[in-house]
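Student: I have a structure open and keep meeting terms I would like to pin down. Could we go through them together?

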Amino acid sequence: MINLEKKELINLSKLIPIVNHVNVGFCLDSININYQSADIDASVFMLGENGKIPSDDYFVFYNNLISSDESIHHFGDDISVFRNGDDEVINISLSKVNTDVLQIIFVLTINNSDEGFHFGNVENVHVRVYDLANNTTICQYKLTESFAGCDALIISRFFRNGSEWQFEPIGDAFAGGLSAMVERYI
């Protein structure tokens, strides 16, 4: 397993030439406030050349769990599937991703930020990519920064480099939640 730093690229296609089916797992610990924890969801934006989604079907989140090209399947809050310690899991078939999609952006957002939750009171945030062929972790990125006041986090992305897929940890946070991310990519 490779531990990545922020903005450090890994070429998945060169590392594992036959990689196709991967899971992206997100894990985090929320500090309790008034006996509640942060309601955090993972979302996926599949972007074209212009940096926007080609259509609404390429925005995968809790109300649209499968991309229109059927390359991405979001398991939402279903705790019975592909857990391995992850809080949310997204399955990707890289060979099925529409050729118009050049980037796959992974975003974490806090839905109950109005109750005082933000990424400054969420700990142990990390994303990992694992190969479903042998269920081994390829790489992971552990967030080392604390983002007080921010309720949206672009945590990582896959992107095409010719016919190869690369993975990059991003770790950039914003205020405005999911709606800010939708405005940015739609």
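Tutor: Happily; here are some terms, each set against its definition.

Tutor: This is a predicted model, where local features need pLDDT of at least 70, side-chain atom pairs count only at pLDDT 80 or more, and totals for chains, interfaces and linings use all residues. Residues are numbered from 1 along each chain as its sequence is written, and side-chain values use heavy atoms, without hydrogens and water.

Student: Why is strand S9 called largely enclosed by the rest of the structure?

Tutor: Buried means under 20% relative accessible area (1.4 Å probe, protein chains only). Eight of the ten residues of S9 (residues 122–131) are buried, so the strand earns that description.

Student: What makes S9 and strand S10 a pair?

Tutor: Strands are DSSP runs of E with at least two residues, numbered from the N terminus, and two of them pair if DSSP finds at least two bridges between them. S9 and S10 (residues 136–142) have six bridges, in the antiparallel sense, so by that definition they pair. Val127, for instance, has Tyr141 in S10 as its bridge partner.

Student: What lies between S9 and S10 in their hairpin?

Tutor: Four residues, and Asn135 in the turn has a positive phi of about 55°.

Student: How do you know that S3 pairs with S9 too?

Tutor: The same test applies: S3 and S9 share eight bridges, antiparallel again, so they pair. Here Gly25 has Arg128 in S9 as its bridge partner.

Student: And which strands are called edge strands in the open sheet of six?

Tutor: The order is S2-S12-S11-S8-S4-S5, with antiparallel pairing. Strand S2 (10–11) and strand S5 (59–60) are the edges, as each pairs on one side only.

How values were computed:
Buried means under 20% relative accessible area, exposed over 50%, partly exposed in between (1.4 Å probe, protein chains only).
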